[in-house]
2 protein chains.
Amino acid sequence: MAADRQERSGARRGGTSYDVARAAGVSQSAVSRCFRPGTSVAPGTRARIIAAADALGYHPNAIAQSLITRRSNLVAVIISNLTNLYYPEVLAELTQQLSERGARVLLFALRSESEIDSVLDLVWRYQVDGAIVAAQLSTEQMLAFAARGTPLVLYNRHSTTVPVASVSCDFGAGSALIAGMVAAGCRAFGLIGGPPDSAVGEARVEGARAELARAGIAPVAVDRGDFSYESGHAAAHRLFAAYHLDAIVAANDVMALGAMDAARIDLAIRIPDDLSVVGFDGVAPAKWRSYLLTTIRQPVRRMTAAATAMLFERIENLDLGPERRFFPGDLIRGATARLG
Amino acid sequence: MAADRQERSGARRGGTSYDVARAAGVSQSAVSRCFRPGTSVAPGTRARIIAAADALGYHPNAIAQSLITRRSNLVAVIISNLTNLYYPEVLAELTQQLSERGARVLLFALRSESEIDSVLDLVWRYQVDGAIVAAQLSTEQMLAFAARGTPLVLYNRHSTTVPVASVSCDFGAGSALIAGMVAAGCRAFGLIGGPPDSAVGEARVEGARAELARAGIAPVAVDRGDFSYESGHAAAHRLFAAYHLDAIVAANDVMALGAMDAARIDLAIRIPDDLSVVGFDGVAPAKWRSYLLTTIRQPVRRMTAAATAMLFERIENLDLGPERRFFPGDLIRGATARLG
DNA sequence: CTGTTAGCGCTTTCAA
DNA sequence: TTGAAAGCGCTAACAG
C-alpha cells in the first residue's frame, strides 16, 4: 500500500509530503511536523526536509489540512453592493487584517439580497471558520450560523431579533453636525434616505430626525435613493421641485454629491450660502476639490480591525456571547455646510 | 471500523454523509451519489435521502470533495490596488461571472507588489483551480503557474517573456480621441503617466505618444502619478508651473479628475476652452456632473467575461496555449475636451 | 526526536 | 440501482 502510494505520487501539482519524505529519507509525519509551527524536529532533519521540499516545489495541501484539523482558515466575506464606493475600502482593509491573522477571504458579492440563501449554502459547504457580513440577513439565516456554530460578525448591520456580534458606526458626530447646521441657521431640512429595507440608511435618517426634533424642527421632506449618485441627484430634484430647502442631509456621501450637483449645477443654488449639504461615510471623492463635502467619516480601519478581532475571539471561543461595538464617526468639516 | 465512525459522527457542524445515510437507511455512497449531478439514484431513495439531509441540515463538505476530486472550485483573484476605484467594478463582475460557473473567489488584495510571493504560497496551498491576476508578476512567478499546471489569466497586464493568457483593453479609441484633440487644435500636450513599473500606465502613455507622433507632435512633458486623485492633482501643478499646455492626457480617470481640479479650481483655467483633459477607464465619478470627463471606457463586463471564459477553457483543457484578447474602449465624449 | 497508525468526509471503482 | 472498500494528503496520538 505504501508502495502503491509512492508509484502514483509526484504527478502534477507540486508533489505530496510523501514525495518530500522519500527525497529526504524521513517519514511522512516528519515532513508534516516540519511544516507545522511548534513541533519538534531536529535541526539536521529539518534542513534535509526543507531542502527536499524546495527542490520539489512542495507546499502543504491546505485542503487536506483543513479536512483533518477542522479548520479551513477560510473566512467568508459577504458584501451586498460592492460597487458602493464605500465597500472597496472596507474590503481592502478586511482582507488585509484577516490575512495578518492567517485567514483567507472567500468573497461573496451579492447582486441582490435574494442571492443570500444560495451563498450561505456555499458558506456551509466550504466549512468557513467564520463570516463577516455586510448584508441584510433574515432571522433564520442568522440562526443558521448559530446552529452550525459558525461565528458571525455583522458589519454596519444589526439584528433586533437575534443576539449577534456586530460593529457599526454610530450617528454620534452626525448629531453634532446637524446641531451645527441648525445653529448656523438652517431650518428647512430635506432628508435623502436609502432604500426602505436598508438598515444603515434608516438609522441615519432616524438619527438626523431625532437630532432635529431636539431643536424643535421637523424635516420638511424625506425622499429616498439607492445610495447611488444618480439616485441622490434625482431625489434632490424631486425635493427642490416641491419645497424650498436650506439644508440637505443624505444617508451617504455619494447621494450627497449627486444632490450637490443637482443644486449647484442644474439649479444654480449656492452651496453653502443658500444650501448646506452633508453626507455620511467619508469616501474618497467627497474630499475632491470639486466637492469638499462636509460629512461624517467612518473610521474604517478601526471598524474592520474590531470586526476581525471579534470574529477571531469567537473562532477561538465558540460560546462567546454577542456584543455590539460602536464607533464614532469623525466630522469632516469640508465646505458644503454652514456650521454654527 | 464503520461502527467506530458512526459513534463519533454528528458532532458539531451539520453532520456528515454517514449521518444522513444512517437516517435514511442507505449506504454512505448512496448519499454521495444523491448530491452529485448525473448519477443514478432511484427516485424513492433520493427522496428519503433528501428528506434526511434536510432534517439534519446536511451540506456536502466541499473540502473533502476537493481533496478527492482534485478540484477545489476555488479561483484566486489577485488584485494589486483594490482602492483604485476601477477595480471594485472589475471585482464585482468577476465574482459574479465566476459564481455563475460554480467557482468561488479566494481574494487576495495586495498592498504592495512585494507581497506577491507570500500570496502565491497560499495560492498553491489552497489548490486553486486557476487564477485571475491584475498585478505585476515576475517571469519566475508566471513560470511557477505553468510548472504547477495552474491556469492563469492576466487582467490588463501582459508578459513579454512568458507566453500567458491575458485580456486587456487596447488603446484603440484612445488614438481617435487624441487625433480628435489635435484636429481641434490642441498642440501642447502634457502626459500624466502611472508609476514607472505599471505596465498599464506605460502602455497608455506610449499609446498617446505614438498617436501624437503620427501628427508630428511630441508631448511637451510627461509627469507621473500613482493613479490617485492627489497624484494627478500634484502632477498637473508641476506641469503647469513649468509649461504652457493646452491638453492633458492622464493614464487613468482619477488622475485626470485631479488634474482637472488643479487646472480649473486652483489655476482658473477654463476647460475645455483653454485646456482639454482626458482620462482612461470610465469610472463612475467621471460621469458625475461636476466632471463629465471625456474618456475611454473599458468594457469591463466583456473583459471580465472573457477572462473568466479563458480561465475555464484552460481549467478544462490544461494544455491550451496562451492567447491574448484585446477589447476596444468606447469613447465617452464628456465635456472636458474639444474634439475636431 | 522520529516512525507507525488511524482516520478527517468524501468519491469512485467494482461486484452484487 | 446499490453497497463495500480503497484511498485523496494530511494531522495527531502513541510508541519507541
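**Two DNA strands and two helix crossings**

Student: How do the residues of the surface near DNA strand D divide by class?

Tutor: In this predicted model, the surface near DNA strand D has eleven nonpolar, twelve polar and eight charged residues.

Student: What makes a residue part of that surface near a strand, and how many residues surround DNA strand D?

Tutor: A residue counts as near if one of its heavy atoms lies within 4 Å of the strand; 31 residues surround DNA strand D, and the closest are A:S17, A:S32, B:S40, B:T45 and B:I68. Of the atoms of DNA strand D that come within 4 Å of the protein, 61% are accounted for by sugar and phosphate.

Student: What makes the approach of A:S17 to a phosphate oxygen of DNA strand D a polar contact?

Tutor: A polar backbone atom of A:S17 is 2.5 Å from a phosphate oxygen of DNA strand D, and because a pair of N or O atoms within 3.5 Å is what the term requires, this pair qualifies. The 3.1 Å between a polar backbone atom of A:N61 and a phosphate oxygen of that strand also falls within the limit, as does the 3.0 Å for B:S27, where a polar side-chain atom takes part.

Student: Which helices supply at least two residues each to the surface near DNA strand D?

Tutor: In chain A they are α1 (2-8), α2 (17-24), α3 (28-34) and α5 (62-69), and in chain B they are α3 (28-34) and α5 (62-69).

Student: How do you know which atoms of DNA strand C the protein approaches?

Tutor: Of the atoms of DNA strand C within 4 Å of the protein, 62% belong to sugar or phosphate, and the rest belong to bases. There are 29 residues around DNA strand C, the closest being A:S40, A:T45, A:I68, B:S17 and B:S32.

Student: What makes the pairing of B:Q65 with DNA strand C a polar contact?

Tutor: An N or O atom in the side chain of B:Q65 is 2.7 Å from a phosphate oxygen of DNA strand C, and this value lies within the 3.5 Å limit, so the term applies. A backbone N or O atom is involved at A:A42, 2.7 Å from a phosphate oxygen, and at B:N61, where the distance is 3.0 Å. The largest share of the surface near this strand, four residues, comes from α5(B).

Student: Why is α5(A) called oblique to α5(B)?

Tutor: The axes of α5(A) and α5(B) come within 9 Å and cross at roughly 135°. That angle is neither over 145, as roughly antiparallel would need, nor in the range 65 to 115 for roughly perpendicular, so the pair is oblique. The crossing is left-handed, and A:I63, A:A64, A:S66 and A:L67 meet B:I63, B:A64, B:S66 and B:L67 there. By class, this contact has six nonpolar, two polar and no charged residues.

Student: Why is α9(A) described as oblique to α10(A)?

Tutor: The axes of α9 (residues 172-183) and α10 (residues 199-214) of chain A come within 9 Å and cross at roughly 45°. Roughly parallel is kept for angles under 35 degrees and roughly perpendicular begins at 65, so α9(A) is oblique to α10(A). This crossing is right-handed, and the contact joins A:S175, A:I178, A:A179 and A:V182 of α9(A) with A:A208, A:E211 and A:L212 of α10(A). These residues divide into five nonpolar, one polar and one charged.

Conventions:
Residues numbered from 1 in each chain as written. Chains lettered and ligands numbered in written order. Predicted model: local features only at pLDDT ≥ 70, side-chain atom pairs only at ≥ 80, totals over all residues. Heavy atoms only, no water. Polar contact = N/O pair within 3.5 Å; in protein donor to acceptor, adjacent residues only side chain to side chain. Nonpolar A, V, L, I, M, F, W, Y, C, P; charged D, E, K, R; others polar. Axes fitted to C-alpha atoms, helices over the stretch in contact; angles between N-to-C directions. Left-handed = near helix turned anticlockwise from the far one by under 90°. Contact = heavy atoms within 4.5 Å.
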